Amino acid sequence: MSVPFIDIKRFESGFLDEWNEKVKSMSAVAQFIGGSEVTELEAELAKWTGTKYALACANGTDAIQIALRAVGVGRGDKVLVPDSTFWATFESVVNVGADPYTIDTNPNDLQMDFSVFKDAIEKVKPKAAIIVHLYGWGSGDIESYRKLCKEKNIPLIEDGAQCFGVKFKGDPIYKDALISTTSFYPAKVLGAAGDGGAVFTNDEEISILARRLANHGRTSHYEHGIVGWNSRLDSLQAAFLRISLKHLSARIDSRRKSQEFFYAELPKLGINVIHPPANYYENGYCNVTLVDPAERPKIEAVLKEKGIGFGNIYPGAMSDQPGAKPHLIERFGKDQNARRIAASVLNFPLFAYMTDGELAEVISAIKLYKK
Ligand SMILES: *Cc1c(COP(=O)(O)O)cnc(C)c1O
């Protein structure tokens, strides 16, 4: 039996009927932009994230760009970003005209390294910083990041594209962020039927500015107070996300159950599986193991032969990307953990409603490699 790396079409029974009905009724009245689906979704997202203001937008990359501009980042500003993340984090800084500085990775939680960050804050004196909550958890130092940035008056943007449903000390991770973002790309924990994203904040002024930026800088329908762009989430996506939210707890429970299985079984096979730091309730976005870089191709060859999907999230550090060259000002962290982790990381399949048979199949493929 083959096992995909991810399968996003295991909808709950009745899900597709409800969605198809929704498409029918919304299409009949041409409800395509804005309207109650979007406003209701935003209210539900605020509740889920424990934040005062939620703004739906076109995708997770736009969400970061909106957040950067909403805290005042523009041309020539310096912004710190993690060296281990998805390229969109880096790209967003460049797209708003700012200059990125990369921060190396903590080898324990695989998130941005706080001591390297602290050092860079002193040397660079950045306008803003981005932290990314990677893999379905976050940094063990998240409180220190927020405290330091507040003290130094450096807005900290939290890229939460992978952490919808994650809790820190019992609360949604987004709750205490100055401003945070997420992505509704279909393969994320809360995925749309296409692209989507959101920005969350507790700050009213930031929320107003963010909303304007995402809607042509509008202060009224034909008055444009600032230059923004079109980053609206369309109504059909909002409707799909609202139906999905009804099932999200069950999906996260299912992902976490599979993750528990891996936590129990992988160490028995000598595989170094990474756990979230203390105080985190993970959402099961991703299974993360670190293997010997020389062994990784051999394990992958067996997985391929057995039809088991796998990932390398992510295969390279941001500062090593060819596209980074013309933009990167400086890379902080002499250990180059980001590069080392990229060469070692191996992700086994993890998604909602994996079957026991599929989980067993993954384990038996690894056993085959061990032989
Ligand atoms: C997916 C992702 C994004 C980008 O989201 P899109 O909706 O695809 O634009 C940004 N940052 C991280 C960490 C992501 O995983």
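**Exercise 1. Place Ser92 in this predicted model and state which backbone atom its side chain reaches.**

Solution.
Step 1. At 2.7 Å from the side chain of Ser92 lies the backbone oxygen of Ala88.
Step 2. Ser92 belongs to helix α4, which runs over 87-95.
Step 3. An α-helix has 3.6 residues a turn, so residues three or four places apart point the same way.
Step 4. The relative accessible area of Ser92 is 0%. The cut-off for buried is under 20%, so Ser92 counts as buried.

**Exercise 2. Find which residues come nearest to the ligand, and list side-chain N or O atoms that lie close to its oxygen atoms.**

Solution.
Step 1. There are 16 residues around the ligand. Those that come nearest are Gly60, Thr61, Asp159, Ser183 and Lys188.
Step 2. Take the side chains one by one. An N or O atom in the side chain of Thr61 is 2.5 Å from a ligand oxygen. For Lys188 the corresponding distance is 2.6 Å, and for Gln162 a side-chain N or O atom is 2.9 Å from an oxygen of the ligand.
Step 3. Turn to the surface of the ligand. On its own the ligand exposes 380 Å², of which the protein buries 92%.
Step 4. As for location, the ligand takes up the space of the largest pocket.

**Exercise 3. Describe the make-up of the shell around the ligand and name the helix that gives the most to it.**

Solution.
Step 1. Sort the shell by residue class: six residues are nonpolar, eight are polar and two are charged.
Step 2. Look for helices that supply at least two residues each; α3 (60-70) and α4 (87-95) do so.
Step 3. The helix that gives the most is α3, with three residues.

**Exercise 4. Explain why α3 is described as largely enclosed, then examine its N-terminal end and the residue Gly72 just after it.**

Solution.
Step 1. Count the buried residues: nine of the 11 in α3 qualify, so the helix is largely enclosed by the rest of the structure.
Step 2. Name them. The buried residues of α3 are Gly60, Asp62, Ala63, Ile64, Gln65, Ile66, Ala67, Leu68 and Ala70.
Step 3. Go to the N-terminal end, where Asn59 acts as the cap. A side-chain oxygen of Asn59 is 3.0 Å from the backbone nitrogen of Thr61. Thr61 also has a side-chain N or O atom 2.5 Å from a ligand oxygen.
Step 4. Move past the helix. Gly72, just after α3, has a positive phi of about 95°.

Key. Residues numbered from 1 in each chain as written. Predicted model: local features only at pLDDT ≥ 70, side-chain atom pairs only at ≥ 80, totals over all residues. Heavy atoms only, no water. Near = heavy atom within 4 Å. Polar contact = N/O pair within 3.5 Å; in protein donor to acceptor, adjacent residues only side chain to side chain. Areas by Shrake-Rupley, 256 points an atom, 1.4 Å probe, with all protein chains shown as cover. 1 Å grid on protein atoms, 1.4 Å probe; cavity = no way out; pocket = protein on both sides within 12 Å on 5 of 7 lines; lining within 4 Å. Sits in = over half its atoms within 2 Å of the grid points. Helix = DSSP H or I, 4+ residues; strand = E, 2+ residues; numbered from the N terminus. Nonpolar A, V, L, I, M, F, W, Y, C, P; charged D, E, K, R; others polar. Buried < 20%, exposed > 50% of the residue type's maximum accessible area, 1.4 Å probe, protein only.
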